[in-house]
Amino acid sequence: MRFVIHRLALFVAALFGVSVVVFAALRILPGDVASVMAGLNSPASRVEALREQLGLNRPLIIQYVDWAGGLLRGDFGTSILTGRSVTSLVAGRAAITFPLIVLGLLIACLIGIPLGVAATLARSSAARAAFHIVGLIGGAIPALWGGLLLILLFSRGTGLIGLFPSQGFPMDGWGAPGEALWSLVLPALSVGIIVGASLMRYTRSSLGDIAASGHIDMAMACGMMRRQAVIRVGLRLATPQLVSVIGLTFAEMITGVMVIENLFALPGIGSGLVTDVGNRDLIAVQSELFMLASFFLAVGLIVDLLHRALDPRLASADIVAEVVA
Amino acid sequence: MADNTGAHGQTGATTDASLENRAKSTKRNSRWWLWAIVAVIAVVAIIIGVNLAKPKSSTNPSVVGSGDNTADTVTIGLKLAPTNLDIRTTAGSALDQILIGNVYEGIVARDEHNQVVPAIAKSWDESKDGLTYTFHLNEHMTFSNGDALTAEDVSWSINQLIKNQYHDADSLSMVKSVTADDGANTVTITLATPNSNLLWTLTGRAGLVFDKDAKYDAKTEAIGSGPYTVAKFVVNDAITLKANPKYWGTHKAKTATVVVKYLADDNAAVNALKSGTVQVLAPITETLAAPFAKDAAHYTVKAGDDTDKYVLAFNSKGKNTADKRVRQAIRYAIDHEELIASRGGSDKALGGPIPSLDPGYEDLTGLYPHDEAKAKALMSEAGYSEAKPLTLTLTYANIYGTELGDQLRSQLAKIGIDLKVNVVEFSTWLQDVYTNKDYDLSLVDHNESHDFYQWADSTYYYNYDNTEVQRLYAQAIAATSDDSRDELLAKAAKLVSEDAPADWLFNYRVTTVWAKGVAGFPVNLNQTLLPLYDVTYAK
């Protein structure tokens, strides 16, 4: 319990820190949303008028309190340039990025975990080397190149086997669920293969660690076959570690899948953020970064808590530590 | 970690082999392989099945294709997306491109040769002294919301622009009054001083007509009198235009729905065209267009005339670039033919500030021909050589790619200039170069038309201050005949070019590609002016 409270307090403190850093960093960055709005053929007076109108000339403290006060009320503000609420902007983008990540991770798990187990089970050195090479190659493929390859192979119009659309998200979004899901298949595959390869290596090495600590030998001594021992005992013991890895990968992928989103012309969170930073759309960038950071922190928090739930040894270690202290 | 696994795997394998041999037979293995084979066969079967089914469905329409089968939707791919729809306050040609002539209409418009043509006004009279313009409006005009478009709306729109200092308001600074006469259906604009650019200015944002009585969020909606309405706008992604059922004029939309997709990534754009997601791409780089040009049976590739000037500005008040010899040397050192050839060859050489579609154009490419010897001589006069190079920094926005900077660096290295290339975000460029004028060299695609005023304004970021040029420009603006205006502008442009405050790398001509069956897509000026009413697509 103490751990949970401690962890929550840390979470809140970090959120506050993030809001200050994000706000300050954007003011230090050169560039100005007013001059972006005014463009190349406006006199300086127009930029000044826009700054005044947008409230950019107010003292920084007031601007911060304004924004942070909104955050406390759950109001992420309105994007200066697009005139839409940041929440709706992010929601629209998240409706692409999150399903893409979930699908990608699903593929990654389907590829990575069985391959990792198979690599651990492999007996001949040739097979083990083969798995090793698969892991290395899979992890070394640049996302962009892998995506292009998939387009060349499977996209409608350009691919050898025209199965999937390779460009864009349907105009109706999830209003056309089949079409929307279909348009995410290739991007999710290109993400899934790469993440799958690293998941495979994680699976293998954590199974290796578990085997090295004797759990598998013990299980086999109790009469299990090696395969059974690895899958039933080894995987169960590796689960907390894998959950941590998958959770953190999920958070990392929110902006990490940007390359893939660009390649497949999907207007997701990453590319949206880059555009907004480029335009110096202050309120939008501030709130988006804040949301991202809180999401990262929240995922970290959940992973930590889950980790403890899945691995009771950690809690008891805590108690021991408390007793010692 | 990997070593650990390997080492353990081996010891594990030995224990395990003996245990497992005792435990059970290995029959299971054969079943495992069987499943794998079944799975592979199933996947292959699905792929073959889908492939057999696909060609049929895609050939079917083209078989029927002999009759009238114009598609009711055309999807076009553009590059730069507008951030919002508020054309009165937000800069950027992406808005002009999508909204002017499609959703909003001006009091006058311009055609694909950059000439002024009637729009909301069917004709106009100009007084002899050039101070009064009377516009005779069309009858029975309506906005897309059903409101009537009257002379009141026209004068209100222009007066609002001036009063609220909306974008481009400074181009109407000489306007004394704008008055409407609803009875006569005319609008009269009186000027304090004559302005030979007035009509052309009114073809752009300054002349757009808005509905006085409509209340809407201009950032997300648009109510105009044009042939299309904005049905949906997804920021940074797409705009759906639907034919305006209340459209009053002669440019009635030929295609019911036009979807505009914004494809920032060039590869994504090419894939979108190849896969049929879009039927038109504008712009496309010439290199990427080459495969389409070869496939003439399915695609048409065309380069259009534009007013885009790639301006390599030299800060005329910069520490090193204030020296005219350095600026001239740079102009002699640049091999324009090489630059143009490396981009594909469609762009046109441009020796001065006025492109061929603008008034006052004259071929000035002979002023500073590529001449390395002359460039070196000027540099040594200024005190620099290859052994003792001059270090200059070129700052430009990342939207133009890195190739141009690299080419310029290698061309200028030959004459003893060590060019540092600093590629930044556009907003950073705006701050450092445009606003603070803190730069040596800068590169921008100035795509605006009629923008010679930049050279007559000593406060513009070029830092160029020549009173003779300013005088000539003022005369050209005050001229009451087009001929004398053109002559004065040409004279001023030549002076500017001679002073070498910049080098005009080339006049960018936008390449457009479309799939077979598309007709009526504008090729000239299509990054700023893209009337879509005529576009059709026959499958």
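A residue is taken as buried if 20 or more other C-beta atoms, placed from the backbone, lie within 10 Å of its own, as exposed if 12 or fewer do, and as partly exposed in between. The model is predicted, so that local features need pLDDT of at least 70 and side-chain atom pairs count only at pLDDT 80 or more, whereas totals for chains, interfaces and linings use all residues. Residues are numbered from 1 along each chain as its sequence is written, and chains are lettered from A and ligands numbered from 1 in the order in which they are written.

In helix 11 of chain B (residues 403–413; helices, H or I of at least four residues, and strands, E of at least two, are DSSP runs numbered from the N terminus), the buried residues are Leu404(B), Gly405(B), Leu408(B), Gln411(B) and Leu412(B). They lie on the same side of helix 11 of chain B because they cover an arc of only 130 degrees around the axis, the arc being that of the directions from the helix axis to the C-beta atoms. Glu403(B), Asp406(B) and Ser410(B) are exposed on the face turned away from this buried side.

In chain A, helix 6 (residues 125–140) packs with helix 8 at an angle of about 140 degrees, their axes 7 Å apart; axes are lines fitted to C-alpha atoms, for helices over the stretch in contact, and angles run from 0 to 180 degrees between N-to-C directions. Contact between residues requires C-beta atoms, placed from the backbone, within 7 Å, and helix 6 of chain A contributes Gly135(A), Gly138(A) and Gly139(A) to the contact with helix 8 of chain A.

Between the chains, the contact takes 56 residues from chain A and 59 residues from chain B. Helix 8 of chain A supplies the largest share of the side of chain A that touches chain B, 6 residues.

How values were computed
Contact = placed C-beta atoms within 7 Å.
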